[in-house]
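Hi,

Here is the structure I promised to pass on. Have a look at it first, and then read my notes underneath.

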Amino acid sequence: MSAFEGLTRPHVSIKIPAELFEPAALETFSGTLSPVALVRGAQRYSLNEPLTYTLTLTHTGEAFVVAGTLHASVTTPCARCLDDARYECSASFTEYVFVSEEAAQSKDLEDDEFFVLPANHELDIIEMLSSALVLELPNLIVCSDDCKGLCSVCGCNLNKETCSCAEKRKESDVEQHPFAQLRSLLDE
Ligand SMILES: [Zn+2]
Ligand SMILES: [Zn+2]
């Protein structure tokens with residue numbers, strides 16, 4: 001499950017005008033959405049700025065085809081070092097919004113494959129936009145391609161600090177080597 005955090009409901013629906021119920025009518029709606037974050041499982045993506053979207057609705061008789069695009073700029077902990085990592089996400093998607101429950105049922109679709117327009121013709125766009133964004137966000141986002149991550153021994157951020165854990169490990173590998181003692185004899 002995924003969901004936007006910090007959204008106030010009244011501003012996130014589109015009122016479908018009567019003209020759009022004419023055969024083959026088409027209209028484009030653009031706007032912004034200002035959630036604080038998108039949450040997917042344990043992962044939290046903070047929105048750096050309002051998400052922008054464009055939705056083109058085409059009436060096909062029993063449904064509206066929604067062709068949408070969105071852009072969101074998010075910040076989330078880097079998968080390697082846990083510092084802030086930014087990601088610019090653009091997504092395009094297509095959804096079906098049936099004009100009634102009956103029209104949808106005649107299509108033999110899974111529940112999550114379509115939306116049904118409520119009687120007041122207010123189309124809720126939150127779920128449409130959050131699922132399109134989730135699908136487009138990579139599972140692992142890194143602060144930079146060459147992020148060095150955290151030291152697996154002491155936990156320090158290797159982008160900012162250097163530690164001697166890797167060297168110590170090398171030394172102890174040498175000590176455990178069967179010829180290590182021989183080598184120390186030769187060194188003398
Ligand atoms: Zn990083
Ligand atoms: Zn270390």
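Below is what I found when I went through it, starting with the overall layout and ending with the pocket.

First, a caveat: this is a predicted model, so please read everything below in that light.

**Overall layout**

The protein has 188 residues, and 34% of them are buried. Its secondary structure adds up to 4 helices and 10 strands. If you walk along from the N terminus, the order is β-β-β-β-β-β-β-β-α-β-β-α-α-α. Among contacts with a separation of 6 or more, 61% are between residues 24 or more positions apart.

**Strand S6 and its partners**

I'd start with S6. One face of this strand is covered and carries Leu 51, Tyr 53, Leu 55, Leu 57 and His 59. The other face is uncovered, with Thr 52, Thr 54, Thr 56 and Thr 58. That fits the usual picture, as side chains in a regular strand alternate between the two faces of the sheet.

S6 pairs with S3 in the antiparallel sense through 8 bridges, and in that pairing Glu 27 has Leu 57 as its bridge partner. S6 also pairs with S7, again antiparallel and over 8 bridges. Here Thr 56 is matched with Ala 67 in S7. S6 and S7 make a hairpin with 3 residues between them, and Gly 61 in the turn has a positive phi of about 105°.

**The cores**

Several residues from the covered face of S6 turn up again in the largest nonpolar core, which has 40 residues: Leu 51, Leu 55 and Leu 57 are among those that touch the most other members, along with Leu 70, Leu 129 and Leu 133. The elements giving two or more residues to this core are S3 (26-33), S5 (43-47), S6 (51-59), S7, S8 (84-98) and H2. H2 gives the most, with 6 residues.

What does Leu 57 touch, leaving aside its neighbours within four places in sequence? Its contacts are Ile 16, Leu 20, Ala 25, Leu 26, Glu 27, Phe 29, Phe 64, Val 65, Val 66 and Leu 123. Glu 27 in that list is also its bridge partner.

There is a second, separate core of 5 residues, which includes Ala 63, Phe 98, Ala 103 and Phe 114.

**Thr 76**

Thr 76 sits in S7, which spans residues 63-77. Is it buried or exposed? Its relative accessibility is 2%, so Thr 76 counts as buried, the cut-off being under 20%. Apart from neighbours within four places in sequence, Thr 76 is in contact with Gln 43, Arg 44, Tyr 45, Asp 83, Asp 84, Ala 85 and Ile 141.

**Two positive phi values in loops**

Most residues other than glycine have a negative phi, and two residues caught my eye on that count. Ala 24 is not a glycine, yet has a positive phi of about 60°. It lies in the loop between S2 (13-15) and S3. At 61% relative accessibility, Ala 24 counts as exposed, because the cut-off for that is over 50%.

Leu 82 is the other one, with a positive phi near 70°. You'll find Leu 82 in the loop between S7 and S8. Its relative accessibility is 57%, so Leu 82 also counts as exposed.

**Strand S1**

At the start of the chain, S1 shows alternating side chains: Ser 2 and Phe 4 point to one face and are buried, whereas Ala 3 and Glu 5 point to the other and are not. S1 runs antiparallel to S4 (residues 37-40), joined by 4 bridges. One of the pairs there is Ala 3 with Val 39.

**The largest pocket**

The largest pocket has a volume of about 530 Å³. It is lined by 22 residues, and those nearest its centre are Phe 115, Ile 126, Glu 127, Ser 130 and Ser 131. The elements giving two or more residues to the lining are S1 (2-5), S9 (115-116), S10 (122-124) and H2 (126-136). H2 has the largest share, at 5 residues. So which kinds of residue make up the lining? They divide into 11 nonpolar, 3 polar and 8 charged.

Note that H2 comes up twice in these notes: H2 gives the most to the largest core, and H2 gives the largest share of the pocket lining.

Cheers

Methods:
Residues numbered from 1 in each chain as written. Chains lettered and ligands numbered in written order. Predicted model: local features only at pLDDT ≥ 70, side-chain atom pairs only at ≥ 80, totals over all residues. Heavy atoms only, no water. Buried < 20%, exposed > 50% of the residue type's maximum accessible area, 1.4 Å probe, protein only. Contact = heavy atoms within 4.5 Å. 1 Å grid on protein atoms, 1.4 Å probe; cavity = no way out; pocket = protein on both sides within 12 Å on 5 of 7 lines; lining within 4 Å. Points joined across faces, edges and corners; volume = space filled by probe spheres on them. Nonpolar A, V, L, I, M, F, W, Y, C, P; charged D, E, K, R; others polar. Pairing = 2+ DSSP bridges. Core = buried A, V, L, I, M, F, W, Y, C linked by side-chain atoms within 4.5 Å.
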